[in-house]
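Student: I would like a close look at one part of this structure. Please keep it brisk and walk me through it step by step.

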Amino acid sequence: MTSSRPTNVRWMIVLLLMGFTFLGHFNRVSISVAGSERFISPDGLTKVEMGRVYSAFLLVYTIGMLPGGWLIDRLGPKFALTAMGLGMGLCVVLTGMLGWLGLAVAALLMPLLVIRGMAGAMSMPLHPAAARSVSLWVPLRGRSAANGLVTAGALVGIALTYPGFGWLMDHFDWPLAFVVCGGVLIAFTWVWYVLAADNPAAHPQSNAAEQHLASGGLDTPARTTGTVKDLLGMLGNRSLILLTLSYGALGYFQYLFFYWIEFYLNDELHLPKSESREAAFTVTIAMAVGMALGGWVSDLACRLFGRRRGCLGIALVGMGMSAVFGCLGIATADPQKVVWCFSLSMGSLGLCEGIFWTTAPLLANRNGGLACAFLNTGGNAGGMIAPAITPWLAERYDWTTAIVVACSVCAVGGIMWLGIRPPRDGQ
């Protein structure tokens with residue numbers, strides 16, 4: 001007799017996706033820890049050169065995002081994430097192997113630019129494929145919560161990078177630290193390949209009840225063949241354009257903290273290395289908490305007030321408070337108050353993350369992977385600018401100016417939600 005009760009395979013998929021975002025971002029941001037503590041020095045690389053290394057990853061990652069989204073729709077999220085894990089893991093291993101060549105740190109600029117560019121190319125499917133997988137596995141009423149958990153996994157990975165990768169460098173030096181971290185990502189990718197599937201219908205342990213629950217009674221194929229017409233249609237989708245621009249504003253503010261928070265705490269506030277690592281961990285983990293909580297709150301707000309008003313309220317409150325707390329953080333010289341304000345700022349920003357990844361595939365349901373890639377292109381266009389322009393603004397003016405600019409961009413991004421029209425539930 002077939003059970004009418006849905007299985008819970010979807011939550012295993014969500015956990016695996018959290019593992020992917022955790023390891024993907026741990027490996028992505030580890031370069032900034034090595035940059036702050038090993039590469040940036042009078043005899044090594046300058047801050048601006050290191051900013052170029054960070055932006056090399058984001059440049060290729062952003063340029064290739066739309067082709068990556070097309071591949072997600074054509075090949076399915078399972079294959080896309082498998083390719084991502086293997087490719088990114090290999091690039092991280094190669095980064096570590098540079099240290100075994102006997103080159104001076106100052107001579108690593110070009111090799112780092114090349115390898116980080118390759119890593120950006122391989123990392124393209126991570127968030128679009130994860131969001132597409134959530135849209136195929138999780139019913140709409142819980143989708144923002146699932147997306148919040150998946151993106152929270154990324155922030156936990158980033159937060160643990162500062163003390164975790166720092167500990168590995170302290171005990172084994174930076175080359176072996178990179179090799180170990182890349183190897184762990186490759187091993188996890190094999191686990192994903194064995195246990196995952198594109199959607200409930202393709203998983204042997206998922207029953208018909210779970211398949212119906214996930215789809216909401218609608219036919220949403222895991223694999224489609226996107227066309228140029230589909231992409232042009234997205235360019236004419238006003239809500240998707242505004243959503244993408246808003247996510248670009250969020251990305252600018254977010255990536256400033258991802259890549260420069262430890263350096264700011266160490267260089268500007270003169271915190272000892274161990275304290276700056278702990279403070280960077282605190283600020284970043286606050287955003288992870290905001291993401292996990294924000295996904296649940298977003299689903300609740302959408303049920304109570306409707307999808308458009310619920311998402312709009314979360315965006316205005318979250319991104320607005322983020323800008324306010326960010327400005328308060330630079331208005332004080334007390335390191336403890338700075339960390340508290342920056343933590344509240346990033347936590348408020350995290351409240352909004354789930355609504356972006358839930359809304360994008362709803363605005364282009366049959367090409368959800370491409371829609372998520374379209375969204376992430378905007379997010380990383382903003383993110384790509386931040387690591388390079390932040391040290392330039394700080395050197396030309398000061399760090400206060402650099403952070404105020406980021407706060408202003410974030411606030412404008414929240415206001416853009418006034419023009420976004422998510423479809424009603426069931427459409």
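Tutor: Here is a walk along one helix, its partners, and then a few other places.

This is a predicted model. Start with helix α7, which covers residues 143-195. The largest nonpolar core has 124 residues. Helix α7 gives the largest share of that core, 17 residues. F165 and F356 have the most contacts inside the core.

Look at F165 more closely. Leave aside its neighbours within four places in sequence. F165 then contacts F26, S30, V33, A34, L160, W174, A177, F178 and C181.

Now go to S144, which also sits in helix α7. Is S144 buried or exposed? Its relative accessible area is 1%, so S144 is buried, as the cut-off for buried is under 20%. What surrounds it? Again skip the neighbours within four places in sequence. S144 is in contact with G295, S298, D299, G354, I355 and T358.

D173 is another residue of helix α7. Its relative accessible area is 37%. Buried means under 20% and exposed means over 50%, so D173 counts as partly exposed. The backbone of D173 deserves a look too. Most residues other than glycine have a negative phi. D173 is not glycine, yet its phi is positive, near 70 degrees.

Next, a partner of this helix. Helix α4 spans residues 77-98. The axes of α4 and α7 come within 7 Å. They cross at roughly 165 degrees. Angles over 145 degrees count as roughly antiparallel, so α4 is roughly antiparallel to α7. The crossing of α4 and α7 is left-handed. Which kinds of residues make up the contact of α4 with α7? They divide into 17 nonpolar, 8 polar and 1 charged.

Set another helix pair beside that one. Helix α12 holds residues 307-330, and helix α13 holds residues 335-350. Their axes lie 7 Å apart, at an angle of about 165 degrees. That angle is over 145 degrees, so α12 runs roughly antiparallel to α13. α12 passes α13 in a left-handed crossing. On the α12 side, the residues that meet α13 include G318, M319, S322, F325 and G329. On the α13 side, those that meet α12 include V338, C341, F342, S345 and L349. The residues of this contact between α12 and α13 divide into 10 nonpolar, 6 polar and no charged.

Two glutamates come next. E37 lies in helix α1, residues 9-39. Its relative accessible area is 17%, under the 20% cut-off, so E37 is buried. Not counting residues up to four places away in sequence, E37 touches M169, E262, K273 and R277. E37 and L149 are 112 residues apart in sequence. In space they are 30 Å apart, C-alpha to C-alpha.

The other glutamate is E210, in helix α8, residues 208-215. How accessible is E210? Its relative accessibility is 0%, so E210 counts as buried. Its contacts, leaving aside neighbours within four places in sequence, are P6, T7, N8, V9, R10, W137 and P200. E210 and N380 are 170 residues apart in sequence. Their C-alpha atoms are 34 Å apart in space.

Key. Residues numbered from 1 in each chain as written. Predicted model: local features only at pLDDT ≥ 70, side-chain atom pairs only at ≥ 80, totals over all residues. Heavy atoms only, no water. Core = buried A, V, L, I, M, F, W, Y, C linked by side-chain atoms within 4.5 Å. Buried < 20%, exposed > 50% of the residue type's maximum accessible area, 1.4 Å probe, protein only. Helix = DSSP H or I, 4+ residues; strand = E, 2+ residues; numbered from the N terminus. Contact = heavy atoms within 4.5 Å. Axes fitted to C-alpha atoms, helices over the stretch in contact; angles between N-to-C directions. Parallel < 35°, antiparallel > 145°, perpendicular 65-115°, else oblique. Left-handed = near helix turned anticlockwise from the far one by under 90°. Nonpolar A, V, L, I, M, F, W, Y, C, P; charged D, E, K, R; others polar.
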